[in-house]
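Biologist: I've got the model open and I want to test the labels you put on it. Walk me through them, and show me the cut-offs as we go.

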Amino acid sequence: MKNLVSSLLRRNISALQMTGYALASLVGLAIVVTAVRFYSDVRSLWADDDSFMSRDYLIISKTVSGLGALMGANTSFSTADIAEIESQPWAGDVGGFRAADFNVYATVSMGGKGMSTALFLESIPQEFFDINPKGWSFRPGVDTTVPIVISKDYLTLYNFGFATSRGLPQISEGMIGAIPLRLSLSGNGQQRWMDAKIVGFSSRLNTIAVPEEFMEWANGIYGEPGSTTAPSRLIIKVKTPGDPAIATFLASKGYEAAGDKADNGRAAFFLRLVTGIVLAVGVVICALAFFILMLSVWLLLTKSRDKLRQLMLLGYSPQSIARCYYIIIGSINLAVLGGALAIMFIVRHCWKGSLESLGIEPGSCLSAIGAGIIIMAFITAGNFLAIRHRLRSDFFV
């Protein structure tokens, strides 16, 4: 009897309408799961600090024109400047680069050859570092070795510029910590030699950084008495990298960003924007497909009104009648989900090779599969509830 009822109800189902719904749902869901999978694959671009897309931090300074400070120009950031930056909607935490207010001279010996140079030191709050080196601390009166973090670019310049021209040995990141380094600190009528050690390399910070505890202690002894130097550079944790408002603000204030971080931030912002647009298009198509199906079901139930009344008079419950439509729609939605996931895996091969050639680790497919299942589950549940509501409202009011 169930098969008989099912066959009777299916006679009024339009195959063309069901096919149109299935194709629309397939296109929309395939766009959504493919966009989610693509975003998952390129997500490491933001997670990796070495990536050109990882630009959650911005280092800015004031533009120097002409002879700069020799002409009386102020290139430091005042408390008001910092407060204004912190008030911007795109800005998070702001930290200042605190420079050494004393003379620093460094000497090093390698391979029987020695070299010495004047040096600059800066410190910034620990939370702005992209690394967490071992031994990054300094206790005045207890520690005798100063830990140092330098930019990775400095090591590259030494290995392929300075070392090759002077006949000095090239060194790796792992070996540089074993190189004996001595610092001469002088100023305020005092001078002292201290051991130093390079403990890490930063991709984010283009400086020679020391712990804040050391900088505060050394400035207090060797710096000018009572001097409080304002920071000439700031590092900003950006909430929305690539936001056009950032470039507008920097240009209006005469600030400039270090390196190409602003341009790369705009590239990251554009990629996020495009991914969001694609996701939105897929969701809209899925929503339209859902309403197409609802319209088809409404027309079908209206067309089958007499048959449904007769079946109910014969003793069939609304649940048993609705079950036929549940099976049909559930089967179609399940097929659409499988087809969309298959399309996602096929399309992914188009960009997989390119991403791997860039050294990007592919993301997990679970997020895309989960998104597809959740969307189709909501659509199916909406279909079932609409059918149930229509049957009850038409035949039990």
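Modeller: Start with E212, which has a relative accessible area of 39%.

Biologist: Why is E212 called partly exposed?

Modeller: Buried means under 20% relative accessible area, exposed means over 50%, and partly exposed is what lies in between (1.4 Å probe, protein chains only). E212 comes out at 39%, so partly exposed is the label. Before you go further: this is a predicted model, so local features need pLDDT of at least 70 and side-chain atom pairs count only at pLDDT 80 or more, while totals for chains, interfaces and linings use all residues. Residues are numbered from 1 along each chain as its sequence is written, and side-chain values use heavy atoms, with hydrogens and water left out.

Biologist: Fine. Where is E212 found, and what makes that element a helix?

Modeller: E212 is in helix α6. Helices are DSSP runs of H or I with at least four residues, strands are runs of E with at least two, and both are numbered from the N terminus. Helix α6 covers residues 212-222, so it passes the length test.

Biologist: What makes E212 part of a surface patch?

Modeller: A patch takes residues with over 30% relative accessible area and no salt bridge, joining like charges within 9 Å and nonpolar side chains (Val, Leu, Ile, Met, Phe, Trp, Tyr) within 5 Å. The areas are Shrake-Rupley values with a 1.4 Å probe, and for residues only the protein chains shown count as cover. At 39%, E212 clears the 30% bar, and it joins E86, D93, E127, E213 and E216 in the patch. Three of the patch residues come from α6, the largest share.

Biologist: And why is that patch called negative?

Modeller: Asp and Glu count as negative, Lys and Arg as positive, and His and the chain ends are not counted. Each charge is placed at CG of Asp, CD of Glu, NZ of Lys or CZ of Arg. The patch is made of Glu and Asp residues, so negative it is.

Biologist: Which residues make the nonpolar patch?

Modeller: L273, I277 and V281, with about 250 Å² between them. I277 lies in helix α8 (residues 261-303), and its 48% relative accessibility makes it partly exposed.

Biologist: Now salt bridges. How do you know that E84 and K253 form one?

Modeller: The rule asks for a side-chain nitrogen of Lys or Arg within 4 Å of a carboxyl oxygen of Asp or Glu. The closest N and O atoms of E84 and K253 are 2.8 Å apart, so the pair qualifies. E84 sits in helix α4 (residues 79-86) and K253 in helix α7 (residues 244-253), 169 residues apart. E84 is partly exposed at 26%, and K253 is too, at 37%.

Biologist: What separates R233 and E122, and are they buried or exposed?

Modeller: Their N to O distance is 2.6 Å, so they meet in a salt bridge by the 4 Å rule. R233 is in strand β11 and E122 in strand β6 (residues 122-123), 111 residues apart. Both are buried.

Biologist: Why is D143 called buried while its partner R139 is not?

Modeller: D143 has 19%, so it falls under the 20% limit, whereas R139 has 49% and counts as partly exposed. Their closest N and O atoms are 3.1 Å apart. The structure holds five salt bridges, these among them.

Biologist: How do you know that β1 and β11 pair?

Modeller: Two strands pair if DSSP finds at least two bridges between them. Strand β1 (residues 57-62) and β11 (residues 233-238) run antiparallel and share five, with S61 opposite R233 and I59 opposite I235. Strand β12 (residues 255-257) is also antiparallel to β1, with three bridges, and K62 stands opposite Y255 there.

Biologist: What makes β1 covered on both faces?

Modeller: In a regular strand, side chains alternate between the two faces of the sheet. Y57, I59 and S61 on one side of β1 and L58, I60 and K62 on the other are all buried.
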